[in-house]
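User: Please take a close look at one part of this structure and set it in the context of the whole. A single connected account is preferred over a list.

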Amino acid sequence: MPRAFRTRRPTTPRFVPATIHELSRVGLLSSLPGETLGKIAAKMQREDVPPGKQVVGEGDHAERFYVVLSGLFAVSQSDLGPRRVLRPGDYFGEVALAMNIPRTASVRALTPAVVASCDRAAFDELLRPLFAED
């Protein structure tokens, strides 16, 4: 069939993992050995976030842990208002996952941004022990 007449298959988002280099710039992960970073990177999915998009909402059920790879994010709480700005190397979502409670704050992109996130199972297996040491 000639190229002009082929129909395009719908595209679905594909899993694009974070890189070891990207994760090594996250303070929480920076001292981990390469092998451990590789395991975490394989489970962390990159996602582009447009300005204004809310990534997590206060009170929502928690399913993912996030690290900021680029861009800026505003953290706010309904009772307290704006709390802080997250930058590359920061992370969020650990409190609700670690304590098995609803999200404690909302996080919204202020600029074009990129996050990497993993699901609860990967968090429990690979990241929860990092918070137990604090």
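Analyst: Two strands are taken to pair if DSSP finds at least two bridges between them. With that criterion, Val75 is a convenient place to start: its bridge partner in E7 is Val107, and its bridge partner in E5 is Arg84. The model is a predicted one, and everything below is computed from it.

The strand pairs around Val75 come next. E4 (residues 73–77) is joined to E7 (residues 106–109) by four bridges, and these two strands run antiparallel. E4 also pairs with E5 (residues 81–86), again in the antiparallel sense, over five bridges. Within that pair, Phe73 has Leu86 of E5 as its bridge partner. E4 and E5 make a hairpin, with three residues between them.

These pairs belong to an open sheet of four strands, ordered E2-E7-E4-E5, in which the pairing is antiparallel. Its edges are E2 (54–56) and E5; each has a single partner strand, so one side of each lacks a neighbour in the sheet. On average, and ignoring direction, neighbouring strands of this sheet are turned by 30° against each other. As background, strands of a sheet pair through backbone hydrogen bonds, either parallel or antiparallel.

To place this sheet, consider the whole chain. The protein has four helices and eight strands. Read from the N terminus, the elements follow the pattern α-α-β-β-β-β-β-β-α-β-β-α. Of the 134 residues, 37% are buried. Among contacts between residues at least 6 apart in sequence, 71% join residues at least 24 apart.

There is also an open sheet of four strands with the order E1-E8-E3-E6, and its pairing is antiparallel. Here the edge positions belong to E1 (45–49) and E6 (91–92), each of which has a single partner strand, so one side of each is left without a neighbour in the sheet. Between E3 and E8 there are six bridges, and the two strands run antiparallel. In this pair, Val67 stands opposite Ala116 of E8. H4 packs on this sheet: it touches E3, E6 and E8, and its direction makes about 100° with that of E8.

H4 itself is not straight. It bends by about 50° at Leu126, and Pro129 follows within four residues. The end-to-end distance can be set against this bend. A straight helix of 13 residues would span 18 Å at 1.5 Å a residue, whereas H4 spans only 16 Å between its end C-alpha atoms. The buried residues of H4 are Arg120, Ala122, Phe123, Leu126, Leu127, Leu130 and Phe131. They are covered by elements that include H2, E3, E6, H3 and E8.

The nonpolar cores tie several of these elements together. The largest nonpolar core has 25 residues, and those with the most contacts inside it are Leu23, Leu29, Ile40, Met44, Phe65, Val67 and Leu127. Two or more residues are given to this core by each of H2 (34–43), E3 (64–70), H3 (94–99), E8 (113–119) and H4 (120–132). The largest share, six residues, comes from H4. A second, separate core has 14 residues, among them Val49, Val56, Val68 and Ala113.

One residue of the largest core can be followed in detail. Leu23 lies in H1 (residues 20–24). Buried is used here for a relative accessible area under 20%; Leu23 is buried because its value is 0%. Leaving aside neighbours within four places in sequence, Leu23 is in contact with Ala18, Leu29, Leu37, Ile40, Ala41, Met44 and Val67. Among these contacts is Val67, the residue that stands opposite Ala116 in E8. The C-alpha atoms of Leu23 and Ala116 are separated by 8.8 Å, although the two residues are 93 apart along the chain.

In short, Val75 has bridge partners in E7 and in E5, within the sheet ordered E2-E7-E4-E5. The sheet ordered E1-E8-E3-E6 carries H4, which touches E3, E6 and E8 and gives six residues to the largest core.

Terms used: Residues numbered from 1 in each chain as written. Predicted model: local features only at pLDDT ≥ 70, side-chain atom pairs only at ≥ 80, totals over all residues. Heavy atoms only, no water. Core = buried A, V, L, I, M, F, W, Y, C linked by side-chain atoms within 4.5 Å. Buried < 20%, exposed > 50% of the residue type's maximum accessible area, 1.4 Å probe, protein only. Contact = heavy atoms within 4.5 Å. Axes fitted to C-alpha atoms, helices over the stretch in contact; angles between N-to-C directions. Expected span 1.5 Å × (residues − 1). Bend = angle between axes of the 7 residues up to and from the residue.
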